[in-house]
Each structure stands twice: as C-alpha cells, then as structure tokens.
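The exercises below are meant to be worked with the coordinates open, and each task is followed by a solution that goes step by step.

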Amino acid sequence: MMTTETMFGRALKRREDPRLITGRGQYVDDIQIPGVQRIFFLRSPYAHAMITSIDTSAAEAHPGVMKVYTGKDLPAVPVPCGVNLPDSNQKTPPYFMIATDRVRHTGEIVAAVVASDIGTARDAAEKIVVEYDPLPVVVDAEKSVMDGAPQLYDGIDNNITFDWKLGGGDIDAAFAGAEVVIKQRLVNQRLIPNAMEPRAVAGRYDSATGDLTLWDTDQNPHIIRLLICMLTGIAENKLRVIAPDVGGGFGSKIFLYAEQLLVTTITKDLATPVKWVETRSENFQATTHGRDHVSYVEMAFMKSGKLCGLKVKTYANMGAFMTAFAPLVPTFLYGTLLSGVYDLPALRVETIGVLTNTMAVDAYRGAGRPEASYLLERVMDIAADELNIDPAEIRRMNFIKGEFPHMAVTGMNYDSGDYEGNLDKALAQFGYADWRAKQAEAKAKGRYLGIGLSCYIEACGIAPSKMVGMMGGGVGLWESGTIRVHPTGKVTAYTGAHSHGQGHETTFAQLISDTLGVPYDNVEIVHGDTNQVQFGMGTYGSRSLAVGGTALLKSAQKLVEKGKKIAAHLLEANAADIEYKDGSFSVKGSPDRSKAFGEVVLMAYLAHNYPADLEPGFEEQTFFDPTNFTFPEGTYMAIVEVDPETGTVTPLNFYCMDDCGNVLNPLIAEGQVHGGVAQGIGQALYENAVYDENGQLISGSMMDYAVPKITQLPSYTTEFAPVPSPSNPMGVKGIGEAGTIGSTAAIANAVMDALSSMNIRHIDLPLTSQNVWNAIQAAK
C-alpha cells in the first residue's frame, strides 16, 4: 500500500501521546530488574566545608545494606567539562563522583548506600557520621570575584574560571559619536529546570559476558556512553545505554553527572543490578540550574533612535564546578546573539565566569539565547521610553534590512529572515493600535494595562562541527539517520537524535512517509538505544529536525535513487529515465511501464533479477553536518494588568509570530511554542532559585519555587511566518526554544509599560507581586 497524501505541513497528533497519557509509557523507574538493589546518596548539608572524618560502620551493619561507598573507595577520576574556551584563560575545577576532603555546594555527594530497598538505604544513610569543618561561603557572583572573598579552589584566583571577550566594529568611535547612552544593570535570575521526571539511572552487569546495560534519563545516550567508557575503561561494545521514555529535559539531562558514573561503577563492582531515582528535593539541589547573570549594559543611540553601539559586561555564576556545555552558554551562545535582529555597527562584550558555593549552572531551555534576548529587548524598551519613540518604531528603524545571508557584527552569519515583515504582521494581527487605545481607556478608569513587545533571534540547529570546534567544544555535532525498508515494505528508521517530548516518533515518520511515499503508519522510529541506533549526538539546541531530520531525509533520498536503479533493471530502461512518484517507479513519458515501491523493495532482498553492480538489501545511512546554524526569529507581544494596591501582575493575552522556517507539523510546533512561553513567563513573573548567605537553597521545593500554574498563564495566539533556511534541504530552522527566548522580555516590557506613568524605569526579575509592590512604594 502506498500513499499520495502530503505529510509535510500536516497537523497530526503525536503518536506517542496515547501511551504516555494513559500511563503506559516506560520510564527508568518503570524498569523491572530482578534482584535490583536501591541506592541512596548522602549529600552534604553544608555549602562549603572540609570533611574531617566519615564513619560508615553503623550504616554497613544496618540490616539489608549491601555496601556503603565513600570517596576513598572509588578512583579519583574527574567528570570532564566538554568545552575549553579559546583565549579566555579558562581554568576548569575538578568534579569528582564523591567528595573526599571538601564539599563546595549543598547537596554534593559524600557517600552512597546500596541496600535492598530505598527505605532501608535511607535509614542506613542516617547512621553515617560525617564530621565537617565549615568554611566561609559565597553565593553571589559579583561578591565572589572581590578580593578577600572565600576561594573555592587553589589556583583559581578570585574564583574566576574564565574571562571571555568578543568585539566587532569600532566601539570607541560609536560611543564618541552617540548622542544618548542608556545604562542599566540587569539581573537574569537563576532558574531550576524542573522536568516532569527527575533524573534516574539503573544498571545491570553480566559478569559472564562483561556486558553492562545502563538505563538513563538523558538527552544523548551515545555521548553518555562515550564519556563513561573514557572514564571507566569499559569497552564501548560492552556498555549499552538506553534512554527510554524521558519526561522532559530542557537541557538539564544533556550532561554526564556523578550519579551515572556511580551507578555504572557500583553495578559492576557488586555484579548486582542497582537503581537510583532522584527525589524532587535532590533535583532542586543537584541537577544543573540555568541563567544567573548580572550584566552591566551601555547602549548608544542617536536622538533619532538610531542604534550606534553596545557594551556589555556580564558576571555569569557557574556554580561550584562546570559540566559539559557550561562555558559555552554565557559566551558563544549568549554574546554572539547580542546584536539580535538589529543592524548593530559596534559591540564589545565581556563575560566573566565565576565560581560560587551553589549548584552548577549549564544549559536550560534556550541556553544563552534567552539571556541575550532579555538584555537586548529590555534595554531597547528603556531607550524607546527615554527617547520618546514608540517601542515598535525604534525596533523597526534598527532592523537588519536587505539581502541574506547577513554577517552580524558578532560574527554570526544569519541565514534568512524578514524582521520588518514579521513585525508588521504581528502588529496587524495582534491589533497593536487597538490595544493602545484600550490601554488609554483603562487608564482613565484607574486600571493599569501594559503592552510589551519583544523581537528575538536565536542560533539553533546546533551542529556545524567546525564551528563548535572553534568555540572550544570537544565534540562534533553532526547527526545520523539510518532507514531500513523491510522486504514487506514496512520501514524502520533509526535516529541519533533523542525524543523527550519533541514528538520525533510523529514528525520523523511524516518526513519519511512523504519522501518514500509509504503510509505514515508503516514507519517506525527508533531512538535512544546505543545497541540499536548508530552513533548519534542527541537532542538539544533545537537541532532535531534541521540536523537529525535532514540525515533521515538524505537516507530516504538515497533509497529512492537505489530504487530507480532496481526499477530500471526490471523495466529494461536507463536509470536516468526513471521517475518516482506516489509510490511508483515509472519510465518518463510511459507511466504504464512502472514498478510499485513494494516490488522494487522485495527484489532488493530476493536479488535474483538484479543489477550486477548493486548490493542487495534496502537500507541507507547518512551522517549530516550542516554548514551553518539556523536563525529562527519572531515578534512576541504581551498584555498584562498590574494592580497598584497589591503589585499583582495578571497576564491577559500573549501573541507569538514565529519564523521557524518551513513547518513540518504545525500542531507540534504550536505545542513547543506554548511550552516555551510558559517557561518564559515563569521566569518573568514567578520563578527564582534563591540561596541564603550560608549557601542553603531556600527555594528548594515546590512550596517555595513558583512554577506557574495553568491558571496563571494567559491565552496564547500562535502564528508562523516562515522564511525558509538555506542551511538544510527542508528549509526548517527550529522551534523548541523560541517561546522561552522571546517571551520573558515581552512580559517584563509589558509590566514596565503599565507602570511607566509612575516613573518606574526598571524592576529586576522576577516581577513578583512583592517586588512590584516594593517598586511602587519606592516610587511614591
């Protein structure tokens, strides 16, 4: 059976959803392994202390305990950071599986208890006696670099782990010729990713064969396997990593953590299956955080509103150590996007990476791009207010115009876009002028409505291996795709990308169905298993479709070309004269001379009437490495109401106009935008990871860390204005992070717009009712 339906552009529901929403998904904690032992990690209650002694004897004697591990029981192998920033004087501190002599953040592992069940392991851990000698603590990045601040590591002076600079254009001339300079200190507060499923790892070792299987909630199983093998000496062909259904990641499950190494080491040491499942409180303490920048911004303008130049100095709080991508996030993924969608003639940016007694900070949805977009779009609004120019108009006059690709002053080569057209569509569809009229009417009645605007750009499709290498990345970020057509015509596709909410099982099947002309239901997508899938790089940076999808597309196209050769042989024609359409290979001009897809595939396996120079079988593989990133962009608008008596901000309406290139599945793309906007609004209004001066995470539970409820979010309107990317044959750009990148500034600008008559210029995030109320009282 073949199909003539076009799948590209169809809004199909995710085929994954029925099993997930009915509780039939299989997550790591669902894996049932006979004889499995449970692991409980004892974590430091101190943010900074010397460990003077550990007594585990009572825990080891506890009934049901198999073994207790401390740092002295394990090899001192540091978990690597995968980035070494060029020209930054980077100093990477060691990060070990278990702390031995010193702890540097609350929640660092000091012992591991293996027992028959988790309750027993927890009870035994309470009997471990650890003596600490507390040390001074620093949690604030700006204070951490001051002389006399507590030092986390010998040899890393003033806790500065790197000092990265980027420049373009003549910044001194730009500021010398400017008529107005806007200066603002901006805080991009620390966030906790809060995936629905916390981390979990289970291991099983077969002492007879030497095979070790690891089930892990991660976003890139092949890289996890590679790193574990490099650190432990296990042969890659003896370690199988399976990432089954994964309940979200948002970047926090990209990295190799101590826990994965510990489960691997322990299951092999004991030759017994073991499992660790993170509690939510552990997730708050010990899974990477995001953002946490303090920036000093100077933006130069002419009085007409023309942008002249930008200077930025950012203190990036990296936490107590650095994980895989950590140095890239506040540098190349942040600084290189600080020109935004604007024709910025000159830029100087410096990012100082700072160590503190807090959990490590790494990629969180958007990873550097939300930080850049918030900074730029917030200051554009401040400038519009000071220069008395409408926020939409100051953006319009500074947009990049003309032909693409466009080389930005930051060195990024923007692939395609229509920034002014996108803004005009958004203003018209949103009803910008009407909302301004409604705002004036509301003000006359004592209501404070605010209208916020944000024009974002992002670099995604994270992949070009040469570029990643130039950035100091230790791995190429191409992607792989293999398609196997079985003798009956059914299709199995193996992708190196990993799905943890993105809908790959649906969208990749649509893509292959279209290209091969086979029914969508006949296509199976396999991912997340290193024993089934060829080496792949995983999912992050909105790269799945642009990079992973292109690898599958090219494999499907190779199959079509092979099919033409087989059909030409069967039809006694020249392969150049064969065309493929609607599941049929036919001779050009003679549609009656044809062979169905199934006939050709079957002959590829039977091979008794077959081209002599062609291998049997119907399977192709591609490793795709694009030449450039893709650059989605968009215009977001928000309406909020501020209650001046309480400071409460109520989001009323949110509008998104996204250029994410060609859209494969509008329903899934829309869902990605909705989720991203929810997280962006969460940062703008509610979420804040706060440590006290002793390094205790005081927002360490859902009681204190305010993930927004659905009732706290506005209604969304989402639309797409695609300008195809030339960086891949589908013209796609990426949509997974756009909502987070564009939404925070739109909400913040709306709140400031509502308060503008009170002469409130800026309030740092999050714009909680308390923070807004305090600002209103101060203004009075």
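**Exercise 1: a small sheet**

In this predicted model, an open sheet of three strands runs in the order S4-S2-S6, and its pairing is antiparallel. Work out which strands stand at the edges, and find the bridge partner of Met 50 in S4.

*Solution.* Begin with the edges: strand S4 (102-103) and strand S6 (129-134) each have a single partner strand, so one side of each is left without a neighbour in the sheet. Turn next to the pairing of strand S2 (residues 49-55) with S4, which is antiparallel and extends over two bridges. Finally, go down to the residue level, where Met 50 has Arg 102 of S4 as its bridge partner.

**Exercise 2: the nonpolar cores**

Determine which residues of the largest nonpolar core touch the most other members, and then list the contacts of Val 751 beyond its neighbours within four places in sequence.

*Solution.* The largest nonpolar core holds 173 residues, and within this set Val 751 and Leu 755 touch the most other members. Once the neighbours within four places in sequence are set aside, Val 751 is in contact with Val 640, Val 642, Val 649, Leu 685 and Leu 767. A second core, separate from the largest one, is made up of 36 residues, among them Ile 512, Leu 559, Val 601 and Met 603.

**Exercise 3: an acidic residue in a loop**

Decide whether Asp 245 is buried or exposed, and identify the partner of its side chain at 2.7 Å.

*Solution.* First locate the residue: Asp 245 belongs to the loop between strand S11 (239-242) and helix H7 (258-270). Its relative accessible area is 15%, and because buried means under 20%, Asp 245 counts as buried. Next examine the polar partners, where the side chain of Asp 245 makes a polar contact with the side chain of Arg 19 at 2.7 Å and also reaches the backbone nitrogen of Gln 26 at 2.8 Å. Residues up to four places away in sequence being left out, Asp 245 touches Arg 19, Leu 20, Gly 25, Gln 26, Tyr 27 and Glu 197.

**Exercise 4: the second largest pocket**

Establish which element gives the most to the lining of the second largest pocket.

*Solution.* Start from the volume, since the second largest pocket encloses about 570 Å³ of space. Its lining comprises 27 residues, of which Asp 385, Met 752, Asp 753, Ser 756 and Ser 757 are the closest to its centre. At least two lining residues are supplied by each of helix H9 (369-387), helix H12 (432-444), strand S18 (448-457) and helix H18 (738-754). The answer is H9, which gives the most, with six residues.

Terms used
Residues numbered from 1 in each chain as written. Predicted model: local features only at pLDDT ≥ 70, side-chain atom pairs only at ≥ 80, totals over all residues. Heavy atoms only, no water. Pairing = 2+ DSSP bridges. Helix = DSSP H or I, 4+ residues; strand = E, 2+ residues; numbered from the N terminus. Core = buried A, V, L, I, M, F, W, Y, C linked by side-chain atoms within 4.5 Å. Buried < 20%, exposed > 50% of the residue type's maximum accessible area, 1.4 Å probe, protein only. Contact = heavy atoms within 4.5 Å. Polar contact = N/O pair within 3.5 Å; in protein donor to acceptor, adjacent residues only side chain to side chain. 1 Å grid on protein atoms, 1.4 Å probe; cavity = no way out; pocket = protein on both sides within 12 Å on 5 of 7 lines; lining within 4 Å. Points joined across faces, edges and corners; volume = space filled by probe spheres on them.
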